[in-house]
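Here are my notes on the model you sent round. Please read them with the structure open.

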Amino acid sequence: MTEVDPDAALYALMTEYSNRTLASVEDAYDVSMDAMDAIGADLVGAKYSGRAYVIWAEISDLYDSPWGPQSMDACREHARAAALDWLQVDTALAGSIGSFFKRWNPYKGASWNAVGGTNVNFVLDGERFSGLTDFYRHIGEVVNGPGGYFGGNLDALADCLSGGFGTPAPDEQGFQFVWLNSEIARTRLGYPETVHQLRARLTTCHSSNIPAVRADLEEAMHRRGPTVFDSIVEIFEKRKVPLLLK
């Protein structure tokens, strides 16, 4: 009897459940739960079985986790993105396989903090806000629920990411953010929005800061320097909070 290669079996399973996801016949949540059952039962010996299991677990969390949006639309969108990406993988090439699991690795970065084996997953969606002010509203509701107050500046964001302001305190639970439609967010929080925000800042900043703000505005008007999106990502990096751009 020929022994089944667990790695090959895992790749076949990933392809099967990716195709099921894209067929649009079943709910993405049901497909993800079936995939988790199959991986957990039969494929623990495969090199990437743990990573594959987490990919499908994150998909299901977008629907059934109290910390997520509990949205089938978000679940379906994330599942389709992962499925489409997997179906581009050349399973004959180790590098292609490794690159996929690196892109979809929720433990990316040394700052991932697992406390008691439980982590909190906050999900942002680039399609749910149009500018920076709207972004603060959106992340406030993601962290604190509908109508949740967040604050209207990068300092408030930094405080939130430090833990204890809607997010778990550092000694309680690890947490991360998943940013769906991040390329849409990158565009909406790009140079036009950056110029808008810097012009507004000129009317409120201390007189001693006006030259620096004007210089930043001049750079942004020429599409140079960091955008609002870049500044937000930098805050996550400084606070060592994992941010998965999807």
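The points below take up the salt bridges, one helix, a loop glycine and the empty spaces.

1. **Status of the model.** This is a predicted model. Please keep that in mind for every distance and volume below.

2. **Salt bridges overall.** The count comes to ten salt bridges. Side chains of opposite charge can pair when their charged atoms come close. One group goes beyond a simple pair: Arg20, Glu26 and Asp34 are linked in a network of salt bridges. Three further pairs deserve a look, and they follow in turn.

3. **Asp85 and Arg103.** Which residue pairs with Arg103 in a salt bridge? The partner is Asp85, and the closest N and O atoms are 3.0 Å apart. This pair links distant parts of the chain, with Arg103 in helix 5 (residues 94-103), Asp85 in helix 4, and their positions 18 residues apart. The two ends differ in burial class. Asp85 has a relative accessible area of 19% and is therefore buried, since the cut-off is under 20%. Arg103 stands at 45%, so it is partly exposed.

4. **Surroundings of Asp85.** Asp85 sits within helix 4, which covers residues 72-86. Leaving out residues up to four places away in sequence, Asp85 touches Phe100, Arg103 and Trp104. The salt-bridge partner, Arg103, is thus among these contacts. Note that 19% is a value under the 20% limit for buried.

5. **Asp125 and Arg128.** Here the side chains meet in a salt bridge at 3.4 Å, N to O. Asp125 is buried, because its relative accessibility is 7%. Arg128 is partly exposed, at 39%. Both residues turn up again in the lining of the largest cavity.

6. **Asp134 and Arg137.** Why are these two about one helical turn apart? Because they are three residues apart in helix 6. An α-helix has 3.6 residues a turn, so residues three or four places apart point the same way. The side chains of Asp134 and Arg137 meet in a salt bridge, 2.7 Å from N to O. Asp134 is partly exposed, with a relative accessible area of 23%. Arg137 is partly exposed too, at 34%.

7. **Helix 7.** Helix 7 runs over residues 154-161, and Ala156, Leu157, Ala158, Cys160 and Leu161 are buried in it. What covers these buried residues? The cover includes helix 6 (132-144), strand 2 (174-180) and helix 11 (228-238). At the start of the helix, a side-chain oxygen of Asn153 comes to within 3.1 Å of the backbone nitrogen of Asp155. Just after the helix, Gly163 has a positive phi of about 100°.

8. **Gly166.** Gly166 belongs to the loop between helix 7 and strand 2. Is Gly166 buried or partly exposed? Its relative accessible area is 29%, so Gly166 is partly exposed. Apart from residues up to four places away in sequence, Gly166 touches Phe122, Val143 and Asn144. Its C-alpha atom is 8.4 Å from that of Gly140, a residue 26 places away along the chain.

9. **The cavity.** Rolling a probe the size of a water molecule over the atoms shows where empty space is left. How many cavities of 30 Å³ or more does a search of the whole structure find? The search finds one. The volume of the largest cavity is about 40 Å³. Its lining is made up of Pro69, Ala74, Val123, Leu124, Asp125, Arg128, His138 and Leu180. Strand 1 (residues 119-125) gives the largest share, three residues. By type, the lining has five nonpolar, one polar and two charged residues.

10. **The largest pocket.** This pocket holds about 540 Å³ of space. It is lined by 22 residues, and Leu154, Gln197, Leu198, Arg201 and Val228 lie nearest its centre. Which helix gives the most to the lining? Helix 9 does, with five residues. Helix 6, helix 7, helix 9 (191-202), helix 10 (210-221) and helix 11 each supply at least two. The lining divides into eight nonpolar, nine polar and five charged residues.

How values were computed. Residues numbered from 1 in each chain as written. Predicted model: local features only at pLDDT ≥ 70, side-chain atom pairs only at ≥ 80, totals over all residues. Heavy atoms only, no water. Buried < 20%, exposed > 50% of the residue type's maximum accessible area, 1.4 Å probe, protein only. Helix = DSSP H or I, 4+ residues; strand = E, 2+ residues; numbered from the N terminus. Contact = heavy atoms within 4.5 Å. Polar contact = N/O pair within 3.5 Å; in protein donor to acceptor, adjacent residues only side chain to side chain. 1 Å grid on protein atoms, 1.4 Å probe; cavity = no way out; pocket = protein on both sides within 12 Å on 5 of 7 lines; lining within 4 Å. Points joined across faces, edges and corners; volume = space filled by probe spheres on them. Nonpolar A, V, L, I, M, F, W, Y, C, P; charged D, E, K, R; others polar. Salt bridge = Lys/Arg side-chain N within 4 Å of Asp/Glu carboxyl O.
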